[in-house]
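Reader: Please examine the salt bridges of this model closely. I should like to know where the paired side chains lie and how accessible they are.

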Amino acid sequence: MSGDEKNNGVHKPATRLVEAGRRKQWTSTPGQKGGVVNPPVWRSSTHLYEDTADLAKGRPNADGHFFYGRRGGPTQWALADALTGLEPGADGTELFPSGVAAIACTLMALLAPGDELLFTDNAYEPSRNMALGMLERFNISARAFDPLDPDSFAAAISENTKVVLLESPGSLTMEVCDIPALTAIARDKGVISVIDNTWASPLGFPALERGCDVSIMSLTKHVGGHSDLMMGSVSAAKPLIMRVRKHAQYMGQVVSPDDAALALRGLRTMKLRLDQTTSSAFEICKWLESRPEVSAVLCPMLPGAPGHDLWQRDFSGGCGLFSFIFNDANKQSRAAFIDALHLFGIGFSWGGYESLIIPVDPGPIRDHNAWPPGIDSGCGLGVRLAIGLEDTSDLTNDLARGFAAMGET
Ligand SMILES: *Cc1c(COP(=O)(O)O)cnc(C)c1O
(Lines give C-alpha, C1' and ligand atoms only; values in the text may rest on other atoms or scores of the structure.)
Protein backbone atom coordinates (compact mmCIF):
# COMPACT_ATOMS: atom_id res chain seq x y z
CA MET A 1 0.00 0.00 0.00
CA SER A 2 2.95 2.31 -0.42
CA GLY A 3 2.40 5.68 -2.05
CA ASP A 4 2.60 6.46 -5.69
CA GLU A 5 5.67 8.61 -5.31
CA LYS A 6 5.50 9.79 -8.88
CA ASN A 7 2.55 11.97 -7.95
CA ASN A 8 3.46 12.73 -4.37
CA GLY A 9 4.18 16.43 -4.22
CA VAL A 10 4.30 17.03 -7.97
CA HIS A 11 0.74 18.25 -8.44
CA LYS A 12 -1.32 20.54 -6.24
CA PRO A 13 -3.77 18.89 -3.80
CA ALA A 14 -6.90 19.49 -5.94
CA THR A 15 -5.26 17.67 -8.84
CA ARG A 16 -3.92 14.91 -6.64
CA LEU A 17 -7.45 14.25 -5.33
CA VAL A 18 -8.49 13.53 -8.91
CA GLU A 19 -5.47 11.38 -9.80
CA ALA A 20 -5.22 9.59 -6.46
CA GLY A 21 -5.36 5.82 -6.34
CA ARG A 22 -6.09 5.34 -10.03
CA ARG A 23 -3.13 3.16 -10.93
CA LYS A 24 -3.57 1.45 -14.26
CA GLN A 25 -3.32 -2.05 -12.79
CA TRP A 26 -6.40 -1.30 -10.66
CA THR A 27 -8.53 0.29 -13.38
CA SER A 28 -7.93 -2.08 -16.29
CA THR A 29 -7.53 -5.77 -17.00
CA PRO A 30 -4.12 -7.12 -18.09
CA GLY A 31 -3.48 -6.64 -21.78
CA GLN A 32 -6.28 -4.09 -22.15
CA LYS A 33 -5.33 -0.65 -23.47
CA GLY A 34 -7.91 1.59 -21.87
CA GLY A 35 -9.64 1.15 -18.57
CA VAL A 36 -12.35 2.53 -16.33
CA VAL A 37 -12.19 5.77 -14.35
CA ASN A 38 -12.63 4.28 -10.89
CA PRO A 39 -10.97 1.23 -9.35
CA PRO A 40 -13.83 -1.32 -9.34
CA VAL A 41 -15.16 -2.97 -6.19
CA TRP A 42 -13.31 -6.25 -5.84
CA ARG A 43 -15.28 -8.38 -3.42
CA SER A 44 -13.16 -11.33 -2.43
CA SER A 45 -11.88 -13.33 0.48
CA THR A 46 -9.84 -15.83 -1.48
CA HIS A 47 -7.02 -15.50 -3.93
CA LEU A 48 -6.41 -18.53 -6.11
CA TYR A 49 -2.75 -19.25 -6.78
CA GLU A 50 -1.64 -20.44 -10.17
CA ASP A 51 0.29 -23.44 -8.85
CA THR A 52 2.26 -24.48 -5.77
CA ALA A 53 5.31 -22.60 -7.03
CA ASP A 54 3.22 -19.42 -7.15
CA LEU A 55 1.94 -20.16 -3.64
CA ALA A 56 5.47 -20.74 -2.38
CA LYS A 57 6.57 -17.29 -3.59
CA GLY A 58 4.63 -15.75 -0.72
CA ARG A 59 3.20 -12.27 -0.50
CA PRO A 60 4.90 -10.74 2.54
CA ASN A 61 3.27 -7.31 2.63
CA ALA A 62 0.34 -7.89 0.32
CA ASP A 63 1.39 -4.61 -1.26
CA GLY A 64 -0.37 -4.64 -4.58
CA HIS A 65 -0.51 -8.46 -4.57
CA PHE A 66 -3.43 -10.62 -3.60
CA PHE A 67 -2.73 -12.79 -0.59
CA TYR A 68 -5.98 -13.22 1.31
CA GLY A 69 -9.02 -10.97 1.74
CA ARG A 70 -8.03 -9.78 5.21
CA ARG A 71 -5.08 -7.97 3.71
CA GLY A 72 -7.30 -6.15 1.26
CA GLY A 73 -7.56 -6.07 -2.50
CA PRO A 74 -7.24 -3.47 -5.24
CA THR A 75 -10.17 -1.32 -4.04
CA GLN A 76 -8.73 -0.93 -0.54
CA TRP A 77 -5.18 -0.52 -1.90
CA ALA A 78 -6.37 2.25 -4.21
CA LEU A 79 -7.84 4.16 -1.26
CA ALA A 80 -4.75 3.61 0.89
CA ASP A 81 -2.52 4.66 -1.99
CA ALA A 82 -4.62 7.80 -2.55
CA LEU A 83 -4.33 8.79 1.12
CA THR A 84 -0.58 8.19 1.11
CA GLY A 85 -0.29 10.50 -1.89
CA LEU A 86 -2.12 13.24 0.00
CA GLU A 87 0.15 13.14 3.04
CA PRO A 88 3.60 14.47 2.06
CA GLY A 89 6.30 12.39 3.74
CA ALA A 90 4.22 9.21 4.10
CA ASP A 91 5.38 5.90 2.63
CA GLY A 92 2.15 4.06 3.28
CA THR A 93 -1.34 4.04 4.77
CA GLU A 94 -3.21 1.43 6.77
CA LEU A 95 -7.02 1.36 6.76
CA PHE A 96 -9.22 0.56 9.77
CA PRO A 97 -12.95 0.00 10.26
CA SER A 98 -13.22 3.25 12.26
CA GLY A 99 -11.13 6.20 13.37
CA VAL A 100 -11.12 4.85 16.92
CA ALA A 101 -9.81 1.48 15.67
CA ALA A 102 -7.00 3.34 13.88
CA ILE A 103 -6.01 5.17 17.08
CA ALA A 104 -6.26 2.02 19.23
CA CYS A 105 -4.16 -0.11 16.89
CA THR A 106 -1.51 2.61 16.54
CA LEU A 107 -1.15 2.91 20.30
CA MET A 108 -0.97 -0.87 20.70
CA ALA A 109 1.68 -1.04 17.98
CA LEU A 110 3.89 1.68 19.46
CA LEU A 111 3.59 1.07 23.22
CA ALA A 112 4.68 -1.82 25.44
CA PRO A 113 4.16 -2.64 29.14
CA GLY A 114 6.02 -0.16 31.33
CA ASP A 115 5.77 2.63 28.73
CA GLU A 116 3.95 5.90 29.17
CA LEU A 117 1.67 7.79 26.80
CA LEU A 118 1.21 11.55 27.05
CA PHE A 119 -2.00 12.76 25.44
CA THR A 120 -3.27 16.23 24.75
CA ASP A 121 -5.83 17.33 27.34
CA ASN A 122 -8.30 18.29 24.59
CA ALA A 123 -8.17 14.87 22.90
CA TYR A 124 -11.27 13.28 21.39
CA GLU A 125 -13.13 11.74 24.33
CA PRO A 126 -12.88 8.10 23.17
CA SER A 127 -9.09 8.57 22.77
CA ARG A 128 -8.91 9.77 26.34
CA ASN A 129 -11.05 6.88 27.55
CA MET A 130 -8.89 4.43 25.62
CA ALA A 131 -5.69 5.90 27.08
CA LEU A 132 -6.98 5.82 30.64
CA GLY A 133 -9.04 2.65 30.37
CA MET A 134 -7.64 0.08 27.97
CA LEU A 135 -3.91 0.89 28.14
CA GLU A 136 -3.82 0.69 31.93
CA ARG A 137 -4.71 -3.00 31.73
CA PHE A 138 -1.50 -3.54 29.78
CA ASN A 139 0.55 -1.67 32.38
CA ILE A 140 0.92 1.34 30.08
CA SER A 141 0.38 4.59 31.95
CA ALA A 142 -1.22 7.65 30.38
CA ARG A 143 -1.30 11.30 31.41
CA ALA A 144 -2.90 14.38 29.90
CA PHE A 145 -0.77 17.47 29.22
CA ASP A 146 -1.79 21.08 28.61
CA PRO A 147 -1.42 21.50 24.82
CA LEU A 148 -0.97 25.28 25.15
CA ASP A 149 2.08 24.99 27.41
CA PRO A 150 5.12 23.46 25.60
CA ASP A 151 7.33 23.94 28.71
CA SER A 152 5.07 21.82 30.87
CA PHE A 153 4.92 19.25 28.06
CA ALA A 154 8.74 19.07 28.04
CA ALA A 155 8.75 18.73 31.83
CA ALA A 156 6.10 15.97 31.72
CA ILE A 157 8.20 13.68 29.52
CA SER A 158 9.80 10.90 31.56
CA GLU A 159 12.22 8.20 30.47
CA ASN A 160 9.22 5.87 30.06
CA THR A 161 7.38 8.25 27.73
CA LYS A 162 7.35 6.63 24.29
CA VAL A 163 4.42 8.25 22.48
CA VAL A 164 2.59 11.57 22.52
CA LEU A 165 -0.95 11.73 21.11
CA LEU A 166 -1.69 15.16 19.66
CA GLU A 167 -4.81 16.73 18.21
CA SER A 168 -5.07 20.25 16.82
CA PRO A 169 -7.48 21.98 16.91
CA GLY A 170 -8.54 20.08 20.02
CA SER A 171 -11.90 18.36 20.22
CA LEU A 172 -14.85 20.54 21.34
CA THR A 173 -12.80 23.58 22.41
CA MET A 174 -10.94 23.92 19.09
CA GLU A 175 -7.76 25.56 20.34
CA VAL A 176 -4.76 25.22 17.99
CA CYS A 177 -1.44 24.31 19.60
CA ASP A 178 2.13 24.72 18.40
CA ILE A 179 2.64 21.32 16.74
CA PRO A 180 6.13 22.11 15.31
CA ALA A 181 7.32 23.13 18.81
CA LEU A 182 5.74 20.15 20.59
CA THR A 183 6.98 17.61 18.04
CA ALA A 184 10.51 19.10 18.18
CA ILE A 185 10.53 18.58 21.95
CA ALA A 186 9.22 15.03 21.52
CA ARG A 187 11.78 14.16 18.83
CA ASP A 188 14.59 15.52 20.97
CA LYS A 189 13.58 13.10 23.75
CA GLY A 190 13.00 10.10 21.47
CA VAL A 191 9.21 10.26 21.80
CA ILE A 192 7.04 9.33 18.77
CA SER A 193 4.48 12.03 17.86
CA VAL A 194 1.11 10.72 16.73
CA ILE A 195 -1.55 13.20 15.61
CA ASP A 196 -5.27 12.80 15.17
CA ASN A 197 -5.52 14.96 12.04
CA THR A 198 -9.23 14.48 11.40
CA TRP A 199 -10.24 18.17 11.63
CA ALA A 200 -7.92 19.60 8.97
CA SER A 201 -7.02 16.46 6.99
CA PRO A 202 -3.70 16.61 5.13
CA LEU A 203 -5.29 19.18 2.79
CA GLY A 204 -5.31 21.73 5.61
CA PHE A 205 -2.45 20.43 7.74
CA PRO A 206 0.40 18.34 6.29
CA ALA A 207 1.08 16.66 9.63
CA LEU A 208 4.30 14.82 8.79
CA GLU A 209 5.82 17.98 7.29
CA ARG A 210 4.97 19.80 10.53
CA GLY A 211 6.98 17.31 12.61
CA CYS A 212 4.51 14.51 13.41
CA ASP A 213 5.63 10.91 12.89
CA VAL A 214 2.20 9.34 12.44
CA SER A 215 -0.95 10.95 11.01
CA ILE A 216 -4.35 9.45 11.81
CA MET A 217 -7.72 10.37 10.34
CA SER A 218 -11.28 9.35 10.94
CA LEU A 219 -12.32 8.90 7.31
CA THR A 220 -15.89 8.79 8.64
CA LYS A 221 -15.77 12.60 8.60
CA HIS A 222 -14.40 14.60 5.65
CA VAL A 223 -13.26 11.77 3.40
CA GLY A 224 -16.56 9.86 3.51
CA GLY A 225 -18.31 13.21 3.54
CA HIS A 226 -21.86 11.88 3.26
CA SER A 227 -22.61 10.39 6.69
CA ASP A 228 -22.87 6.88 5.32
CA LEU A 229 -19.68 5.07 6.26
CA MET A 230 -17.22 4.47 9.11
CA MET A 231 -13.48 4.15 8.50
CA GLY A 232 -10.09 5.28 9.79
CA SER A 233 -6.57 5.60 8.41
CA VAL A 234 -2.99 5.75 9.63
CA SER A 235 -0.27 7.24 7.39
CA ALA A 236 3.44 7.34 8.17
CA ALA A 237 6.92 6.91 6.75
CA LYS A 238 8.86 3.66 7.06
CA PRO A 239 9.62 1.99 9.43
CA LEU A 240 6.68 3.22 11.56
CA ILE A 241 4.00 2.37 9.01
CA MET A 242 5.36 -1.19 8.88
CA ARG A 243 5.00 -1.47 12.67
CA VAL A 244 1.39 -0.30 12.49
CA ARG A 245 0.70 -2.61 9.54
CA LYS A 246 2.07 -5.61 11.39
CA HIS A 247 -0.20 -4.92 14.36
CA ALA A 248 -3.20 -4.29 12.10
CA GLN A 249 -2.57 -7.77 10.71
CA TYR A 250 -2.15 -9.28 14.21
CA MET A 251 -5.48 -7.75 15.16
CA GLY A 252 -7.27 -8.75 11.95
CA GLN A 253 -8.18 -5.22 10.87
CA VAL A 254 -9.83 -5.00 7.47
CA VAL A 255 -12.30 -2.69 5.69
CA SER A 256 -14.80 -3.79 3.07
CA PRO A 257 -14.14 -2.99 -0.61
CA ASP A 258 -17.62 -1.43 -0.86
CA ASP A 259 -16.78 1.05 1.90
CA ALA A 260 -13.37 1.72 0.36
CA ALA A 261 -15.05 2.59 -2.94
CA LEU A 262 -17.45 4.96 -1.14
CA ALA A 263 -14.52 6.62 0.63
CA LEU A 264 -12.70 7.01 -2.69
CA ARG A 265 -15.81 8.65 -4.15
CA GLY A 266 -15.95 11.03 -1.18
CA LEU A 267 -12.28 11.86 -1.55
CA ARG A 268 -12.77 13.25 -5.06
CA THR A 269 -14.89 16.14 -3.78
CA MET A 270 -13.24 16.61 -0.41
CA LYS A 271 -11.45 19.85 -1.26
CA LEU A 272 -14.58 21.43 -2.73
CA ARG A 273 -16.59 20.48 0.34
CA LEU A 274 -13.90 21.66 2.76
CA ASP A 275 -13.44 24.96 0.94
CA GLN A 276 -17.19 25.58 1.00
CA THR A 277 -17.79 24.57 4.62
CA THR A 278 -14.73 26.57 5.73
CA SER A 279 -16.04 29.77 4.15
CA SER A 280 -19.62 29.10 5.33
CA ALA A 281 -18.38 28.45 8.88
CA PHE A 282 -16.34 31.67 8.79
CA GLU A 283 -19.39 33.67 7.74
CA ILE A 284 -21.56 32.07 10.43
CA CYS A 285 -18.86 32.65 13.07
CA LYS A 286 -18.78 36.38 12.21
CA TRP A 287 -22.56 36.48 12.53
CA LEU A 288 -22.44 34.66 15.89
CA GLU A 289 -19.78 37.08 17.18
CA SER A 290 -22.22 39.93 16.62
CA ARG A 291 -24.96 38.26 18.68
CA PRO A 292 -25.45 39.37 22.31
CA GLU A 293 -26.27 35.77 23.34
CA VAL A 294 -22.71 34.61 22.48
CA SER A 295 -19.68 35.17 24.73
CA ALA A 296 -17.00 33.45 22.64
CA VAL A 297 -16.77 31.73 19.26
CA LEU A 298 -14.14 28.98 19.22
CA CYS A 299 -13.12 28.63 15.60
CA PRO A 300 -9.47 28.57 14.51
CA MET A 301 -10.23 30.51 11.31
CA LEU A 302 -11.56 33.46 13.28
CA PRO A 303 -9.14 36.29 14.18
CA GLY A 304 -8.88 36.46 17.96
CA ALA A 305 -9.88 32.82 18.51
CA PRO A 306 -7.51 30.68 20.61
CA GLY A 307 -4.61 29.63 18.41
CA HIS A 308 -5.68 31.65 15.36
CA ASP A 309 -2.10 32.91 14.80
CA LEU A 310 -0.77 29.34 14.84
CA TRP A 311 -3.56 28.29 12.51
CA GLN A 312 -2.52 31.01 10.07
CA ARG A 313 1.12 29.99 10.32
CA ASP A 314 0.74 26.20 10.09
CA PHE A 315 -2.55 25.44 8.30
CA SER A 316 -3.61 25.95 4.72
CA GLY A 317 -7.30 25.22 5.26
CA GLY A 318 -10.04 24.63 7.76
CA CYS A 319 -13.44 22.99 7.93
CA GLY A 320 -16.96 23.63 9.14
CA LEU A 321 -16.55 22.37 12.71
CA PHE A 322 -16.44 24.90 15.58
CA SER A 323 -18.02 25.69 18.96
CA PHE A 324 -19.43 28.70 20.74
CA ILE A 325 -20.24 29.56 24.36
CA PHE A 326 -23.41 31.28 25.54
CA ASN A 327 -23.23 34.48 27.53
CA ASP A 328 -26.15 33.75 29.69
CA ALA A 329 -27.88 30.41 29.50
CA ASN A 330 -28.82 27.45 31.65
CA LYS A 331 -29.20 23.85 30.55
CA GLN A 332 -32.90 24.38 29.90
CA SER A 333 -32.49 27.44 27.66
CA ARG A 334 -29.60 25.78 25.80
CA ALA A 335 -31.84 22.78 25.19
CA ALA A 336 -34.57 25.15 23.93
CA PHE A 337 -32.03 26.71 21.52
CA ILE A 338 -31.03 23.32 20.13
CA ASP A 339 -34.56 21.93 19.96
CA ALA A 340 -35.82 24.96 18.03
CA LEU A 341 -33.43 24.40 15.12
CA HIS A 342 -34.84 22.88 11.95
CA LEU A 343 -31.73 22.61 9.79
CA PHE A 344 -29.17 21.44 12.37
CA GLY A 345 -29.58 17.77 13.20
CA ILE A 346 -28.71 16.73 16.75
CA GLY A 347 -25.99 14.19 16.29
CA PHE A 348 -22.39 13.15 16.85
CA SER A 349 -19.92 12.92 14.01
CA TRP A 350 -19.44 15.68 11.43
CA GLY A 351 -17.91 16.18 8.00
CA GLY A 352 -21.11 15.20 6.19
CA TYR A 353 -23.03 17.45 3.79
CA GLU A 354 -25.62 18.26 6.48
CA SER A 355 -25.30 20.60 9.46
CA LEU A 356 -25.21 19.16 12.98
CA ILE A 357 -25.21 20.41 16.56
CA ILE A 358 -24.41 18.95 19.98
CA PRO A 359 -24.22 20.53 23.46
CA VAL A 360 -20.66 20.85 24.77
CA ASP A 361 -19.54 20.64 28.41
CA PRO A 362 -15.80 19.90 28.33
CA GLY A 363 -15.10 20.31 32.09
CA PRO A 364 -15.56 16.68 33.16
CA ILE A 365 -13.22 15.36 30.45
CA ARG A 366 -10.33 17.77 31.09
CA ASP A 367 -7.48 17.70 33.62
CA HIS A 368 -6.20 21.20 32.79
CA ASN A 369 -8.49 23.84 31.23
CA ALA A 370 -12.22 23.31 30.66
CA TRP A 371 -12.28 26.20 28.16
CA PRO A 372 -9.19 27.77 26.56
CA PRO A 373 -7.63 30.38 28.88
CA GLY A 374 -7.92 34.02 27.83
CA ILE A 375 -11.47 33.91 26.46
CA ASP A 376 -14.75 35.05 27.98
CA SER A 377 -16.27 31.71 28.86
CA GLY A 378 -19.61 33.36 29.70
CA CYS A 379 -21.98 30.99 31.46
CA GLY A 380 -19.72 28.04 30.60
CA LEU A 381 -22.31 26.25 28.48
CA GLY A 382 -21.52 25.70 24.83
CA VAL A 383 -22.56 23.97 21.66
CA ARG A 384 -20.56 22.53 18.78
CA LEU A 385 -21.72 23.16 15.24
CA ALA A 386 -20.77 21.22 12.14
CA ILE A 387 -21.60 23.37 9.13
CA GLY A 388 -22.80 21.51 6.06
CA LEU A 389 -23.48 22.55 2.51
CA GLU A 390 -26.76 24.42 3.10
CA ASP A 391 -27.09 28.11 2.23
CA THR A 392 -25.56 30.19 5.05
CA SER A 393 -28.49 32.63 5.26
CA ASP A 394 -30.85 29.71 5.89
CA LEU A 395 -28.48 28.49 8.62
CA THR A 396 -28.20 31.89 10.36
CA ASN A 397 -32.00 32.27 10.17
CA ASP A 398 -32.27 28.87 11.83
CA LEU A 399 -29.81 29.89 14.57
CA ALA A 400 -31.77 33.14 15.10
CA ARG A 401 -34.86 31.00 15.63
CA GLY A 402 -32.88 29.09 18.29
CA PHE A 403 -31.84 32.29 20.10
CA ALA A 404 -35.45 33.52 20.08
CA ALA A 405 -36.57 30.23 21.65
CA MET A 406 -34.13 30.69 24.54
CA GLY A 407 -35.99 33.79 25.69
CA GLU A 408 -39.20 31.82 25.86
CA THR A 409 -37.96 29.35 28.49
C1 LIG B 1 -14.97 11.13 15.01
C2 LIG B 1 -13.58 11.29 15.48
C3 LIG B 1 -12.77 10.19 15.70
C4 LIG B 1 -13.27 8.78 15.62
O5 LIG B 1 -13.61 8.37 14.39
P6 LIG B 1 -14.70 7.20 14.13
O7 LIG B 1 -14.52 6.93 12.69
O8 LIG B 1 -16.03 7.77 14.52
O9 LIG B 1 -14.30 6.04 15.00
C10 LIG B 1 -11.47 10.41 16.07
N11 LIG B 1 -10.99 11.65 16.23
C12 LIG B 1 -11.74 12.73 16.03
C13 LIG B 1 -11.14 14.08 16.22
C14 LIG B 1 -13.06 12.60 15.67
O15 LIG B 1 -13.84 13.68 15.53
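Author: The following account takes the salt bridges pair by pair. The model is predicted, so local features need pLDDT of at least 70 and side-chain atom pairs count only at pLDDT 80 or more, while totals for chains, interfaces and linings use all residues. Residues are numbered from 1 along each chain as its sequence is written, and side-chain values use heavy atoms, with hydrogens and water left out.

The structure contains 16 salt bridges (a side-chain nitrogen of Lys or Arg within 4 Å of a carboxyl oxygen of Asp or Glu). One of them joins Asp258 and Arg43, with N to O at 2.3 Å. Asp258 belongs to helix α11 (residues 257-268), whereas Arg43 sits in the loop between α2 (24-27) and α3 (52-57), 215 residues apart; helices (H or I, at least four residues) and strands (E, at least two) are DSSP runs, numbered from the N terminus. Asp258 is partly exposed at 32% relative accessible area, and Arg43 is exposed at 63% (buried means under 20%, exposed over 50%, partly exposed in between, with a 1.4 Å probe and protein chains only).

A second pair is Lys162 with Asp115, whose closest N and O atoms are 3.2 Å apart. Lys162 lies in strand β4 (residues 161-167) and Asp115 in the loop between α5 (99-110) and β2 (116-120), so the bridge ties together parts 47 residues apart in sequence. Lys162 is partly exposed at 31%, but Asp115 is buried at 11%.

Arg334 pairs with Asp361 at 2.9 Å between the closest N and O atoms. Here Arg334 is buried at 5%, while Asp361 is partly exposed at 32%. Finally, Asp121, Arg128 and Asp367 are linked in a network of salt bridges.
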